[in-house]
Amino acid sequence: MPASPRIPKPTARRLSLYLRLLQGRLGGEDTTGISSRELGEASGVADAQVRKDLGSIGAGGQPGVGYRVRDLHARLRTAMGLDIQWKVVLVGAGNIGRAL
């Protein structure tokens, strides 16, 4: 698997904000689409910046239609590495380790 491009910190912060906003939309009635203008207004970011941020992770919306909420949510999780399951071992944590 090729390495993903490095995302600048300001963009990563905005992407996490977009992800939180989308998570609220997934359970609601309107789960089909969202525009960059709607995301921008909800996040306090210019819609052109939203399009640039989402374009940096390969998420392309359709003019006049916007982005599919479920697809965009999945793409954001992948770009941020939230879809990876890590196997971990906790050694030497004492009582805290037992509590976990």
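Helix 2, which spans residues 36-43, packs against helix 3, residues 47-56, at an angle of about 110 degrees and with the two axes 8 Å apart, in what is a predicted model. Since angles of 65 to 115 degrees count as roughly perpendicular, helix 2 and helix 3 are therefore described as roughly perpendicular to each other. On the side of helix 2 the contact is made by Ser36, Arg37, Leu39 and Gly40, and on the side of helix 3 by Asp47, Val50, Arg51 and Leu54. By class, the residues of this contact divide into three nonpolar, two polar and three charged.

How far the coordinates can be trusted depends on the part of the chain under inspection. The protein chain averages a pLDDT of 85, and 88% of its residues score at least 70. Among the elements of the chain, helix 3 has the highest mean pLDDT, 94, whereas helix 5, residues 94-99, has the lowest, 76. Where pLDDT is low, the predicted coordinates should not be read in detail.

Beyond the helix pair, the model also holds a second largest pocket, whose volume is about 240 Å³. The lining of this pocket consists of 14 residues, and those that lie nearest its centre are Gly60, Gly66, Tyr67, Arg68 and Asp71. Two elements, strand 2 (67-68) and helix 4 (69-79), each give two or more residues to the lining, and the largest share, three residues, comes from helix 4. In terms of chemical character, the lining of the second largest pocket divides into four nonpolar, seven polar and three charged residues.

Technical notes:
Residues are numbered from 1 along each chain as its sequence is written. This is a predicted model: local features need pLDDT of at least 70, side-chain atom pairs count only at pLDDT 80 or more; totals for chains, interfaces and linings use all residues. Side-chain values use heavy atoms; hydrogens and water are left out. On a 1 Å grid over the protein atoms alone, a cavity is a set of points where a 1.4 Å probe fits but cannot get out, and a pocket is an open set with protein on both sides within 12 Å along at least five of seven lines; lining residues have an atom within 4 Å of a point. Grid points are joined across faces, edges and corners, and a volume is the space filled by probe spheres set on the points. Helices (H or I, at least four residues) and strands (E, at least two) are DSSP runs, numbered from the N terminus. Ala, Val, Leu, Ile, Met, Phe, Trp, Tyr, Cys and Pro count as nonpolar, Asp, Glu, Lys and Arg as charged, and the others, Gly among them, as polar. Axes are lines fitted to C-alpha atoms, for helices over the stretch in contact, and angles run from 0 to 180 degrees between N-to-C directions. Angles under 35 degrees count as roughly parallel, over 145 as roughly antiparallel, 65 to 115 as roughly perpendicular and the rest as oblique. Contact means heavy atoms within 4.5 Å. pLDDT is the predictor's confidence in each residue, from 0 to 100.
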